[in-house]
Amino acid sequence: MTSTLEQLRAQWTTPCPTLTAVREQYFSHIKTDRRFRELINKGEIKLKLKKLHRSTRAQYVIYLHDLAEYLDQQHIQPA
């Protein structure tokens, strides 16, 4: 049996997919990145947002290990 992280690594070509890509794949009921960021920042969705560099234009990303941890927690304790 493969771990959630291994499954995500097989699915994504990067260790840190963009916020948009994660939202579209796992949170398609949330229609905008802005709303997705709000929910994360409020703690309603327990994911960690990162930027790859300090530029104001840098896209937000979510590391696969953080996403795997979140998905595993949802399986243990459904929202």
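This report covers aromatic pairs, helix packing and selected residues in a predicted model.

**Aromatic residues**

Across the whole structure, a search finds 2 aromatic pairs. In one of them, the ring centres of Phe27 and Phe36 lie 4.8 Å apart with the planes at 40°, so this pair is tilted. Phe27 and Phe36 are both buried. In the pair of Phe27 and Tyr70, the centres are 5.8 Å apart and the planes stand at 45°, so this pair is tilted as well. An angle counts as tilted here because it is neither under 30 degrees, which would be stacked, nor over 60, which would be edge-to-face.

Where do the partners Phe27 and Tyr70 lie? Phe27 is in the loop between helix 2 (19-26) and helix 3 (33-42), while Tyr70 belongs to helix 4 (residues 64-76), so the pair ties together parts that are 43 residues apart in sequence. Ring pairs join Phe27, Phe36 and Tyr70 into a cluster.

Another ring has a charged neighbour: Lys51 lies over the face of Tyr60, at 4.9 Å from the ring centre.

**Accessibility of selected residues**

The table lists relative accessible areas for residues discussed in this report.

| Residue | Relative accessible area | Class |
|---|---|---|
| Phe27 | 5% | buried |
| Asp66 | 7% | buried |
| Arg23 | 10% | buried |
| Tyr70 | 13% | buried |
| Glu6 | 44% | partly exposed |

The buried entries count as such because their values are under 20%, and Glu6 is partly exposed because its value falls between that cut-off and 50%.

**Helix 2 and helix 3**

Two packed helices are described by the angle between their axes and the distance between the axes. For helix 2 and helix 3, the angle is about 90° and the axes are 10 Å apart. The two helices are therefore roughly perpendicular to each other. On the helix 2 side, Leu19, Thr20, Val22 and Arg23 make the contact, and on the helix 3 side Asp33, Phe36, Arg37 and Ile40 do so.

Arg23, placed in helix 2, is buried, with a relative accessible area of 10%. Leaving aside residues up to four places away in sequence, Arg23 touches Ser28, Ile30, Lys31, Thr32, Asp33 and Phe36. One of these, Phe36, is also a ring partner of Phe27.

**Helix 4**

How does the expected span of helix 4 compare with the distance between its end C-alpha atoms? At 1.5 Å a residue, the 13 residues of helix 4 should span 18 Å, and the end C-alpha atoms are 18 Å apart, which agrees. The expected figure is 18 Å because the rise is multiplied by one less than the number of residues.

Leu64, Asp66, Leu67, Ala68 and Tyr70 are the buried residues of helix 4. An α-helix has 3.6 residues a turn, so residues three or four places apart point the same way. The cover over the buried residues of helix 4 includes helix 1 (4-11) and helix 2.

Asp66 is a charged residue of helix 4 with a relative accessible area of 7%, and it is buried. Not counting residues up to four places away in sequence, Asp66 touches Leu47 and Lys48.

**Glu6 in helix 1**

Glu6 is found in helix 1. Is Glu6 buried or partly exposed? At 44% relative accessibility, Glu6 counts as partly exposed. From Glu6 to Asn41, the separation is 35 residues in sequence and 27 Å in space, C-alpha to C-alpha.

Conventions:
Residues are numbered from 1 along each chain as its sequence is written. This is a predicted model: local features need pLDDT of at least 70, side-chain atom pairs count only at pLDDT 80 or more; totals for chains, interfaces and linings use all residues. Side-chain values use heavy atoms; hydrogens and water are left out. Rings of Phe, Tyr and Trp (its six-membered ring) pair if their centres lie within 6.5 Å; planes under 30 degrees apart count as stacked, over 60 as edge-to-face and the rest as tilted. Buried means under 20% relative accessible area, exposed over 50%, partly exposed in between (1.4 Å probe, protein chains only). Helices (H or I, at least four residues) and strands (E, at least two) are DSSP runs, numbered from the N terminus. A charge sits over a ring if NZ of Lys or CZ of Arg is within 6 Å of the ring centre and within 35 degrees of the ring normal. Contact means heavy atoms within 4.5 Å. Axes are lines fitted to C-alpha atoms, for helices over the stretch in contact, and angles run from 0 to 180 degrees between N-to-C directions. Angles under 35 degrees count as roughly parallel, over 145 as roughly antiparallel, 65 to 115 as roughly perpendicular and the rest as oblique.
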